[in-house]
Amino acid sequence: MVFLCYIYKVLPMTSSLNKVSEKTNLLGYDLAHMKAFFTKIGEKPFRAVQVLKWIHQFGADDFSQMTNVSQDLRKKLSDIAEIRPPEIIAEQKASDGTIKWLMHLEGGNSIETVFIPEDNRGTLCVSSQVGCALDCGFCSTAKQGFNRNLTSSEIIAQLWVANRALNPLAQAEHGKVQDSKNRVITNVVLMGMGEPLLNFDNVVEAIHLMLEDHAYGLSKRRVTLSTAGVVPALKRLREECDVSLAISLHAPNDEIRNKIVPLNKKYPIKELLEACQHYFSGDTKKKQFTIEYVMLAGINDSEKNARELASLLKKLPCKINLIPFNPFPNSEFDCSKMQTINRFKDILYKAGYVAVIRKTRGEDIDAACGQLAGKVKDKSRRIKIVKAE
Ligand code: SAH
């Protein structure tokens, strides 16, 4: 038996917690938006690049730190604008090195962000909404219902906060910008709370910052958007920023998928897979997308289901992630037996697919898939739930 332990650190709170600010928050502005802001206040657009670098590469949260910006402009900026991240309420570290930050948002909501270190990469799992409206039966976020979309600054703030925490040098010694060789966060996955394609504009603006050379400079291959399959938005995403895709398929046919991913009734599997194929058409650089498949005992895990899945995905450039179901209180499902998952994987493998069983990380701090923001200890800050229509 493995004993799991974690450090739970409650961070001191500041008075800004519930203060509503009238200043413009520049944290979530991408380059185009930032240039428009500087033009509007009568300044040269090149200031946008300087300020972006300070905020995202050096982790600055105060204009007075921006030493290559004139004193007058720094003063003007601090009068009208600010760099305002959500308040970090707690930071938890799991025995396997996974770190989870709990952040407090304006309006009384909380979100969580998870960092997963591995040998050759560090992945940050980012949320896009407070709660989720999709109501997938096996997801604990769904059980909380939907509250609201995150703003672009709340989305990028998750990377900003994690980057500052994991790379304090960048802050202490301005100029130690992380290049691709010494980055701590090498990958971002939009696989936290929410359906990113139902918060399209804010998610895309935050992705622009992830990819922006003057901000985080991640390659499109290293930013992955996970979706249950909002088909029209997939088409738009391809035009705006064609990052890597993970599709939460979870079933080999519409009959099963209708039951566990209700969105399937609106956008059935055939339409979804056609949209995925279109996403990749005409671009030889994009290699493949990921199919996510949660293993639910007796629901979608038979040998027949595996063969059905193999034939469904034939000719599609994809690899398959089998995700052992993470149980949560009152969930109506059980995780498939390890033996069943292995057999499922072997069938896919023999049919020519790259299929991997996803390792569950950060279980002891509820940081695994579908477990985010499920247990906020302080009830006054518990996520407010507004049930989706
Ligand atoms: N709405 C997006 C992203 C959020 S969930 C989507 O559906 O893709 C990220 C992944 O975790 C999805 O594949 C989701 O289906 C899966 N997931 C959710 N709850 C889970 C659970 N309890 N156990 C295992 N995987 C889960």
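Two strands are said to pair if DSSP finds at least two bridges between them. With that in hand, the strands of this predicted model can be followed one after another. In β15, A355 is the bridge partner of I320. The strands concerned, β14 and β15 (residues 355-357), pair in the parallel sense over 3 bridges. Between them the chain passes through helix α12 (residues 338-350), and this β-α-β crossover from β14 to β15 is right-handed.

On β14 there is also a pairing with β13: the two strands run parallel and are joined by 7 bridges. Here F289 stands opposite C318 of β14. Helix α11 (residues 303-312) completes the connection, and β13, α11 and β14 together make a right-handed β-α-β unit. How much of β14 is buried? Of its 7 residues, 6 are buried, so β14 is largely enclosed by the rest of the structure.

The account continues with β12, which pairs with β13 in the parallel sense over 3 bridges. In this pairing, A246 is found opposite T290 of β13. Strand β12 also pairs with β11, again in the parallel sense, over 4 bridges. There L225 faces L245 of β12. The link between these two strands is helix α8 (residues 231-240), and β11, α8 and β12 form a right-handed β-α-β unit.

Burial in β12 is easily described. Because 5 of its 5 residues are buried, β12 is largely enclosed by the rest of the structure. Its side chains can be sorted by direction: S244, A246 and S248 point one way, whereas L245 and I247 point the other way, and all are buried.

One of these residues, S248, leads directly to the ligand. Which residues come nearest to the ligand? The shell holds 20 residues, and F138, S226, S248, H250 and N326 come nearest. For S248, an N or O atom of the side chain lies 2.5 Å from an oxygen atom of the ligand. The side chain of E292 likewise places an N or O atom 3.1 Å from an oxygen atom of the ligand. With E195, the ligand atom involved is a nitrogen, and a polar side-chain atom of E195 lies 3.1 Å from it. Taken alone, the ligand exposes 530 Å², and the protein buries 96% of that area. Several strands supply the surroundings: β11 (223-227), β13 (289-295) and β14 (318-324) are the elements that give two or more residues to the shell around the ligand. Sorted by class, this shell has 10 nonpolar, 8 polar and 2 charged residues.

Among the nearest residues, H250 deserves a further word on its backbone. Its place is in the loop between β12 (244-248) and α9 (254-260). The phi of H250 is near 65 degrees, a positive value in a residue other than glycine. Its relative accessibility is 5%; since buried means under 20%, H250 counts as buried.

A positive phi, of about 65 degrees, is also found at N330, although N330 is not a glycine. This residue belongs to the loop between β14 and α12. Is N330 buried or exposed? With a relative accessible area of 78%, N330 is exposed, the cut-off for this being over 50%.

Two further loop residues round out the picture. N199 sits in the loop between β10 (187-190) and α7 (200-211), and at 3% relative accessibility it counts as buried. What does the side chain of N199 reach? It reaches the backbone oxygen of L150 at 2.9 Å. A polar atom of the N199 side chain also lies 2.9 Å from the backbone oxygen of S128.

The second loop residue is C132, found between β8 (129-131) and α4 (140-143). Its relative accessibility is 11%, so C132 counts as buried. C132 and P196 are 64 residues apart along the chain, and their C-alpha atoms are separated by 9.7 Å.

Definitions and conventions
Residues numbered from 1 in each chain as written. Predicted model: local features only at pLDDT ≥ 70, side-chain atom pairs only at ≥ 80, totals over all residues. Heavy atoms only, no water. Near = heavy atom within 4 Å. Polar contact = N/O pair within 3.5 Å; in protein donor to acceptor, adjacent residues only side chain to side chain. Areas by Shrake-Rupley, 256 points an atom, 1.4 Å probe, with all protein chains shown as cover. Nonpolar A, V, L, I, M, F, W, Y, C, P; charged D, E, K, R; others polar. Buried < 20%, exposed > 50% of the residue type's maximum accessible area, 1.4 Å probe, protein only. Right-handed = clockwise from strand over helix to strand, strands pointing away.
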